[in-house]
Amino acid sequence: KPQKREKSTLELLEEKNHADVVKQAKRAGVSTEGSTLEILERINHADVVKQAKQAGVSTEGSTLEILERINHADVVKQAKRAGVSTEGSTLEILERINHADVVKQAKRAGVSTEGSTLEILERLNRKALEGL
C-alpha cells in the first residue's frame, strides 16, 4: 500500500483559502468552479457590476471597462458641482475641474486668473513667496 503523506502547512492554508473563496462566491451568486484566482475574479466582477448599476452606467464589458465608466460618471458629477463642462474624456473633464479650482484660489489670493492653470499656479506661488 502506498503511504499517505501529510499535507504541508501551505497546502492546508491553500485549501482553507479556496474553501473560504468558494463560500464568498456562493454569497455573491457566481460560479464556484475553477481556481481560487478565477473565482475571485468573478466575485470582483460581480461587485463591480453592482457598483455600475448604482452609478447608472452600463454593466457590459470587462471589469476594467465597467470601472472606467463608473469613474467617468463620478467625474461628470464633480464637473457639474464645479460648474464646468461635462463634455469630453475623463481626463479633459478633470483638467477643467482642476483649472476652475485654481481660478478660485487665484481670486481669493487677488492674483490674475488669466492664462493656463500652470501660469495661474506660478502667480499664486510667487505671491505666497513674497509673503514670507
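Lys7 is partly exposed in this predicted model, with a relative accessible area of 44%. Its partner in a salt bridge is Glu15, and the closest N and O atoms of the two residues lie 2.6 Å apart. Glu15 likewise counts as partly exposed, here at 39% relative accessibility. Because partly exposed covers the range between 20% and 50% relative accessible area, Lys7 at 44% and Glu15 at 39% both receive that label.

A second pairing of this kind is found between the side chains of Asp20 and Lys16, which meet in a salt bridge with an N to O distance of 3.1 Å. Both residues belong to helix α1, which runs over residues 9-28. Within this helix, Asp20 and Lys16 are 4 residues apart, or about one turn. Their exposure is worth setting side by side: Asp20 is partly exposed, with a relative accessible area of 29%, whereas Lys16 is exposed, with a value of 52%. Lys16 is classed as exposed because its 52% lies over the 50% cut-off. With these two pairs, the count of salt bridges comes to 2.

Turning to helix α3, which covers residues 63-82, one residue to look at is Thr63. The side chain of Thr63 makes a polar contact with the side chain of His45, at 2.6 Å. When residues up to four places away in sequence are left aside, Thr63 touches Asn44, His45 and Val48. His45 therefore appears both as a contact of Thr63 and as its polar partner, the latter by the criterion of N or O atoms within 3.5 Å.

The overall architecture of the protein chain is helical, with 5 helices and 0 strands. Followed along the sequence, the pattern reads α-α-α-α-α. The dimensions of the chain give a helpful picture of how these elements are laid out. Along its principal axes, the C-alpha trace spans about 90 × 40 × 20 Å. The radius of gyration is 25 Å, whereas a compact globule of 132 residues would have a value near 14 Å.

Contact and surface values complete the description. Among contacts between residues at least 6 apart in sequence, 0% join residues at least 24 apart. Of the 132 residues in the protein chain, 23% count as buried. The chain exposes about 9700 Å², and carbon and sulfur atoms supply 52% of this area.

Terms used. Residues numbered from 1 in each chain as written. Predicted model: local features only at pLDDT ≥ 70, side-chain atom pairs only at ≥ 80, totals over all residues. Heavy atoms only, no water. Helix = DSSP H or I, 4+ residues; strand = E, 2+ residues; numbered from the N terminus. Polar contact = N/O pair within 3.5 Å; in protein donor to acceptor, adjacent residues only side chain to side chain. Contact = heavy atoms within 4.5 Å. Salt bridge = Lys/Arg side-chain N within 4 Å of Asp/Glu carboxyl O. Buried < 20%, exposed > 50% of the residue type's maximum accessible area, 1.4 Å probe, protein only. Rg over C-alpha atoms; globule rule 2.2 N^0.38 Å. Areas by Shrake-Rupley, 256 points an atom, 1.4 Å probe, with all protein chains shown as cover.
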